[in-house]
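Me: I should like a close look at a single part of this protein, with its surroundings described in connected prose. The sequence and structure follow.

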Amino acid sequence: MTIIKRILKQKTSLAILMVCITLGVLSLNQVLANSDSLIELRNQLASQTQVPVVLPTKNPQQAASISFAEADTYMVRFTASANCVGQEGCTRGTMVGRALETAYEWKGGTSVALSNGITADYFAFDPTEPYTNAHLIWTEGDYRYELGMSGATAEEMLEVANSAYE
């Protein structure tokens, strides 16, 4: 929902946002869900973990929910709808933040650059394995972030990951 963020960031009038809704570019539900639920989700995570929260604002699916949050790690699931939270087949992606000392060692990815200059590693989706995701992994200071999305290309993953830094 980059368009929403740009409109609000630039303090453009509500009229432009309403035109986008009227023309069908955005639905009112998308506007409300993206702004309020992501802010609420970010605030919930921040109160449950010591890991700095990195949360993409461009959600490739319809809903996002906290799968778990502990002092040194958190996981957010992206699902097709709010009704399929917790069902493995409904999960289309994840965002994980964790302290480096608890992070898995990923090897063999393709190096790509995030818009903020951080180098990330892209691991392609394996279509022969059910319920697997493509992954984009990067480190910031003492924390590792892992974005997983079902069937996503490196370009799609970068677009979603970069939205966390806009």
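Is Phe 123 buried or exposed, and what is its relative accessible area? Please begin there, and then treat strand S7 and the elements around it in detail.

Reply: The model is predicted, and the values below are computed from it. Phe 123 is buried, because its relative accessible area is 13%, which falls under the 20% limit for a buried residue. Phe 123 lies in strand S5 and forms an aromatic pair with Trp 106, which is found in the loop between S3 and S4; the two residues are 17 apart in the chain. The ring centres are 5.0 Å from each other and the planes meet at 50 degrees, a tilted arrangement. Trp 106 has a relative accessibility of 27% and therefore counts as partly exposed. This is one of two aromatic pairs in the structure.

Strand S5, residues 119-123, leads towards the part in question through its pairing with S6, which is antiparallel and comprises four bridges. Within that pairing, Asp 121 has Ile 137 of S6 as its bridge partner. Strand S6 (residues 134-140) is in turn joined to S7 by seven bridges, again in the antiparallel sense. His 135 stands opposite Gly 148 of S7 in this pairing. S6 and S7 form a hairpin with two residues between the strands, and Gly 141 there adopts a positive phi near 60 degrees.

Strand S7 itself spans residues 143-149; six of its seven residues are buried, so the strand is largely enclosed by the rest of the structure. S7 also pairs with strand S3 (residues 91-99), and these two run antiparallel with seven bridges between them. Arg 98 is placed opposite Arg 144 of S7. The wider setting is an open sheet of seven strands in the order S1-S2-S3-S7-S6-S5-S4, with antiparallel pairing. Its edges are strand S1 (63-70) and strand S4 (110-113), each of which pairs on one side only. From one strand to the next, the twist averages 20 degrees.

The link between S3 and S7 also involves charged side chains. Side chains of opposite charge can pair when their charged atoms come close. Arg 98 and Glu 146 form a salt bridge, with 3.3 Å between the closest N and O atoms. Arg 98 belongs to strand S3 and Glu 146 to strand S7, so the pair ties together parts that are 48 residues apart in sequence. Both Arg 98 and Glu 146 are buried.

Thr 94 is another residue of strand S3. Its relative accessibility is 10%, and Thr 94 therefore counts as buried. Apart from neighbours within four places in sequence, Thr 94 has contacts that include Glu 146, Leu 147 and Gly 148, as well as Phe 78 and Asn 133.

Leu 147 connects this region with the nonpolar interior. In soluble globular proteins, nonpolar side chains tend to be buried together. The largest nonpolar core here has 29 residues, among which Leu 136, Trp 138 and Leu 147 touch the most other members. Two or more residues of this core come from each of helix H3 (28-48), strand S2 (73-79), S5, S6, S7 and helix H4 (154-162). H4 gives the most, with five residues. Beyond its neighbours within four places in sequence, Leu 147 is in contact with residues including Thr 94, Met 95, Leu 136 and Trp 138, and also with Met 157, Val 160 and Ala 161.

Met 157, Val 160 and Ala 161 are among the buried residues of H4, as are Ala 154, Leu 158 and Asn 162. The cover over the buried residues of H4 includes S4, S5, S6 and S7.

Helix H4 also takes part in a salt bridge. Glu 159 pairs with Lys 58, the closest N and O atoms being 3.3 Å apart. This pair joins distant parts of the chain, since Lys 58 lies in the loop between H3 and S1 and Glu 159 in helix H4, 101 residues apart. Lys 58, at 25% relative accessibility, counts as partly exposed, and Glu 159 is likewise partly exposed, with a relative accessible area of 43%. The structure has two salt bridges by the rule applied.

Technical notes
Residues numbered from 1 in each chain as written. Predicted model: local features only at pLDDT ≥ 70, side-chain atom pairs only at ≥ 80, totals over all residues. Heavy atoms only, no water. Buried < 20%, exposed > 50% of the residue type's maximum accessible area, 1.4 Å probe, protein only. Pairing = 2+ DSSP bridges. Axes fitted to C-alpha atoms, helices over the stretch in contact; angles between N-to-C directions. Contact = heavy atoms within 4.5 Å. Phe/Tyr/Trp six-rings, centres within 6.5 Å; stacked < 30°, edge-to-face > 60°. Core = buried A, V, L, I, M, F, W, Y, C linked by side-chain atoms within 4.5 Å. Salt bridge = Lys/Arg side-chain N within 4 Å of Asp/Glu carboxyl O.
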